[in-house]
Amino acid sequence: QVQVVESGGGLVQPGGSLRLSCAVSGSISRINGMGWYRQAPGKQRELVAQVLRGGSTNYADFVKGRFTISRDNANTVSLQMNSLKPEDTAVYYCHAAGVWYGLSRFGDFWGQGTQVTVSS
């Protein structure tokens, strides 16, 4: 049906950079929005950034000025992360919202997540 695959996570020192990528595949007619969320151990999953149809973007306050979300095409989104801090350590998940797929199905899909660790 629909698959969401993230890549680009890893271990970096504070102040370093990473670029996460997400590709959505399947019999897709439309994806209304795509975004990145993260979840640290013992914490709730939280929005990092999202881009909606029309190109509008939304960022969490804790990443403004450091992270940039880009929708490379209809089914691909990236997250450029600069000036990383230890508190950015989390599993980062790609989210495809409002997906029309198959013959006439509609729903949301999540990737499996990619680990980002910021440590000296």
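1. A polar contact is taken here as a pair of N or O atoms within 3.5 Å; inside a protein, one atom of the pair must be able to donate a hydrogen and the other to accept it. In this predicted model, R66 supplies an example: a polar atom of its side chain lies 2.9 Å from the backbone oxygen of S83.

2. The setting of R66 deserves a closer description. R66 belongs to the loop that joins β6 (57–59) to β7 (67–73). Is R66 buried or exposed? Its relative accessibility is 11%, and because buried means under 20% relative accessible area, R66 counts as buried. Beyond residues up to four places away in sequence, R66 touches Q80, M81, N82, S83, L84, K85 and D88. S83, whose backbone oxygen takes part in the 2.9 Å pair, is thus one of the residues that R66 touches.

3. As to the overall architecture, the protein contains 11 strands and zero helices. The order of elements along the sequence is accordingly β-β-β-β-β-β-β-β-β-β-β. The radius of gyration is 14 Å, close to the 14 Å given by the globule rule for 120 residues, so the protein is as compact as a globular protein of that length. Along the principal axes, the C-alpha atoms fill a box of roughly 50 × 25 × 20 Å.

4. Several totals complete the general picture. Of the 120 residues, 42% count as buried. Among contacts with a separation of 6 or more, 56% are accounted for by residues 24 or more positions apart. The accessible surface comes to about 6300 Å², and 47% of this area belongs to carbon and sulfur atoms. Positive side chains number 11 and negative side chains 7, with the centres of the two sets 5 Å apart.

5. S78 is located in strand β8 (residues 76–81). With a relative accessibility of 3%, S78 counts as buried. Which side chain makes a polar contact with the side chain of S78? The partner is D72, at 2.8 Å. When neighbours within four places in sequence are set aside, the residues in contact with S78 are R19, L20, S21, W36, T68, I69, S70 and D72.

6. G98 lies in strand β9 (residues 90–101). This glycine is buried, its relative accessible area being 8%. Outside its neighbours within four places in sequence, G98 is in contact with R30, I31, N32, F106, G107 and D108. G98 and V5 stand 93 residues apart in sequence, and their C-alpha atoms are 17 Å apart in space.

7. Q115 has its place in strand β11 (residues 114–118). Its relative accessible area is 39%, and it is therefore partly exposed; the bounds of that class are 20% and 50%. The side chain of Q115 reaches the backbone oxygen of A90 at 3.4 Å. A90 also appears among the contacts of Q115, which, with neighbours within four places in sequence left aside, are G9, G10, T89, A90 and V91. Although Q115 and E6 are 109 residues apart along the chain, 9.8 Å separates their C-alpha atoms.

8. Two of the side-chain contacts may be set side by side. R66 pairs with a backbone oxygen, that of S83, whereas S78 pairs with a side chain, that of D72. Both R66 and S78 count as buried.

Methods. Residues are numbered from 1 along each chain as its sequence is written. This is a predicted model: local features need pLDDT of at least 70, side-chain atom pairs count only at pLDDT 80 or more; totals for chains, interfaces and linings use all residues. Side-chain values use heavy atoms; hydrogens and water are left out. Helices (H or I, at least four residues) and strands (E, at least two) are DSSP runs, numbered from the N terminus. Buried means under 20% relative accessible area, exposed over 50%, partly exposed in between (1.4 Å probe, protein chains only). Contact means heavy atoms within 4.5 Å. The radius of gyration is taken over C-alpha atoms; the globule rule is 2.2 Å times the number of residues to the power 0.38. Accessible areas come from the Shrake-Rupley method with a 1.4 Å probe; for residues, only the protein chains shown count as cover. Lys and Arg count as positive and Asp and Glu as negative; His and the chain ends are not counted. The place of a charge is taken as NZ of Lys, CZ of Arg, CG of Asp or CD of Glu.
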